Amino acid sequence: MASAPYGKKMDCAATMTDREVIDFCRNGYLMLPEVVPNEINEQVVDYLERHDSTYEPTPIVGESFFVDGVLMNPQAAGAVRSLLGRDFTLPLIISNHRGPLPFDKPQNWHRDGGTIYTPALEYLQVFYYPEECTEDMGPTVVLPGSHFMRNKAPMMAHLGSIRGTVSTAAPAGTIFLTVYGIWHRRSRAPSGPRGKSAYRNLLKYNYWRTKPPVRDWVRQDDIDFNTIDFNPPAGVFEQFQGALAAARMFTWLCGIENEYEKRGGQNWPIALTVRDGVNQEGAPRSLANA
Ligand SMILES: O=C(O)CCC(=O)C(=O)O
Ligand SMILES: [Fe+2]
């Protein structure tokens, strides 16, 4: 058997635009609904049923249908390429959050172990539903913008429902990319199995960056970076702190973090009501109006 391409460096076309990269920085996740074709989804479910029903079916990386159809799926890999640059690496470990159906209790709110808070995006945590996951099959729920909300997992575990959360319930073949530290949990699953499997399968794996960040995704030169909103959408943040962190991550991704000034107060990017093409105080040189 040919050895599996664990950690292999890959490249492909970047698919995300500036606005999409900014939205990823604001939200901490990106949904790509139904990007994997059904014949691949079926092969994956079959593999998870018949070959490896463990919580770490990592050897699936040795299957070309999985590498070509899922890991290097053009939309998913195009998003990974946009955010991690060329020569990103393929995963070393594949987890399966294989939840029995039905399942009564939601998981505790948490950020995954090992989270550090940083504007750097050195890796992505990516999830894939090979079968449809409906609301009553216990989809993962995320809190948009929470990748910048500093909290310890034991200090969030007791929380119940939180305002502004988003369900990832989605059709088969959906992939979603996350910043590792985003708050999330599996929700309760009142329904019995719907698909082929008696479980809700959810694969999870990481891609890593190998190159310094540069703004080499799809540029949109019509953007005025002085008036674009970096605030995360949910309303649970201390005013402007989410926007400051998202903008800092965006400048890091552009490779211009040295131009990011956090002088406090009405410094870029929070003063978005500036008029007539004026640059905000502290707007990064490379993004400012000439
Ligand atoms: O199963 C899920 O939906 C999420 C699982 C999870 O977040 C975890 O186990 O770390
Ligand atoms: Fe988790």
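# Questions on a predicted model

Visitor: By class, how many nonpolar, polar and charged residues does the shell around ligand 1 have?
Guide: The shell around ligand 1 can be divided by class, with the caution that the model is predicted. Those that surround ligand 1 are His 97, Gly 99, Gln 107, Asp 112, Thr 140, His 184, Arg 186 and Leu 202. Leu counts as nonpolar, Asp and Arg count as charged, and the others, Gly among them, count as polar. The shell therefore divides, under that definition, into one nonpolar, five polar and two charged residues.

Visitor: Two of the surrounding residues, Thr 140 and His 184, also begin strands; what is the order of the open sheet of three strands?
Guide: Strand β7 covers residues 140–142 and is joined to β8 by two bridges in the antiparallel sense, and one of these strands' pairings sets Val 141 opposite Ser 167 in β8. Strands β8 (166–167) and β10 (184–186) stand at the edges, each with a single partner strand, so one side of each has no neighbour in the sheet. The pairing is antiparallel, and the order is β8-β7-β10.

Visitor: In the loop between β7 and β8, is Gly 164 buried or partly exposed, and how far is Pro 233 from it in space?
Guide: Gly 164 has its place in the loop between β7 and β8. With 14 C-beta neighbours inside 10 Å, Gly 164 counts as partly exposed. Although 69 residues separate Gly 164 from Pro 233 in sequence, their C-alpha atoms are apart in space by 8.1 Å.

Visitor: Which residues touch the most other members of the largest nonpolar core, and which helix gives the largest share of this core?
Guide: The largest nonpolar core has 69 residues, and those that touch the most other members are Val 21, Val 80, Leu 83, Ile 175 and Phe 250. The largest share of this core, eight residues, is given by helix α5 (residues 241–254). Leaving aside residues up to four places away in sequence, Leu 83 touches Val 21, Phe 24, Leu 121, Leu 124 and Leu 253. The residues that touch the most other members are thus Val 21, Val 80, Leu 83, Ile 175 and Phe 250, and the helix with the largest share is α5.

Visitor: Why is helix α4 largely enclosed by the rest of the structure, and how many of its residues are buried?
Guide: Helix α4 spans residues 74–84, and its buried residues are Ala 76, Ala 77, Gly 78, Ala 79, Val 80, Arg 81, Ser 82, Leu 83 and Leu 84. Just after α4, Gly 85 takes a positive phi of about 80°. Helix α4 is largely enclosed because its buried residues number nine of the eleven.

Visitor: Which residues other than glycine have a positive phi?
Guide: Asp 87, in the loop between α4 and β3 (88–89), has a positive phi of about 60°, and this residue is partly exposed, with 14 other C-beta atoms within 10 Å. Phe 240, in the loop between β12 and α5, has a phi near 75° and is partly exposed, with 16 other C-beta atoms within 10 Å. Among residues other than glycine with a positive phi are therefore, by these angles, Asp 87 and Phe 240.

Visitor: In β12, which side chains point to one face and are buried?
Guide: Strand β12 (residues 203–208) pairs with β6 (residues 123–129) over six antiparallel bridges, and with β4 (residues 95–96) over two, also antiparallel. Asn 96 stands opposite Leu 203, while Phe 127 has Lys 204 as its bridge partner. The side chains alternate along β12, with Lys 204, Asn 206 and Trp 208 pointing to the other face and not buried, whereas those that point to one face and are buried are Leu 203, Tyr 205 and Tyr 207.

Visitor: Within what arc do the buried residues of α3 fall?
Guide: In α3, the buried residues are Phe 66, Gly 69, Val 70 and Leu 71. Seen down the axis of α3, they line one face of the helix because they fall within a limited arc. These buried residues pack against α2 and β6, and the arc is 155°.

Visitor: Which proline follows Leu 101 through a cis peptide bond?
Guide: The residue lies in the loop between β5 (99–100) and β6. The cis bond from Leu 101 has an omega of about -5° and leads to Pro 102.

Technical notes:
Residues are numbered from 1 along each chain as its sequence is written. Chains are lettered from A and ligands numbered from 1 in the order in which they are written. This is a predicted model: local features need pLDDT of at least 70, side-chain atom pairs count only at pLDDT 80 or more; totals for chains, interfaces and linings use all residues. A nonpolar core is a set of buried Ala, Val, Leu, Ile, Met, Phe, Trp, Tyr and Cys residues joined through C-beta atoms within 7 Å. A residue is buried if 20 or more other C-beta atoms lie within 10 Å of its own, exposed if 12 or fewer, and partly exposed in between; C-beta atoms are placed from the backbone. Helices (H or I, at least four residues) and strands (E, at least two) are DSSP runs, numbered from the N terminus. Two residues are in contact if their C-beta atoms, placed from the backbone, lie within 7 Å. A residue is near a molecule or strand if its C-beta atom, placed from the backbone, lies within 6 Å of it. Two strands pair if DSSP finds at least two bridges between them. The arc is that of the directions from the helix axis to the C-beta atoms.
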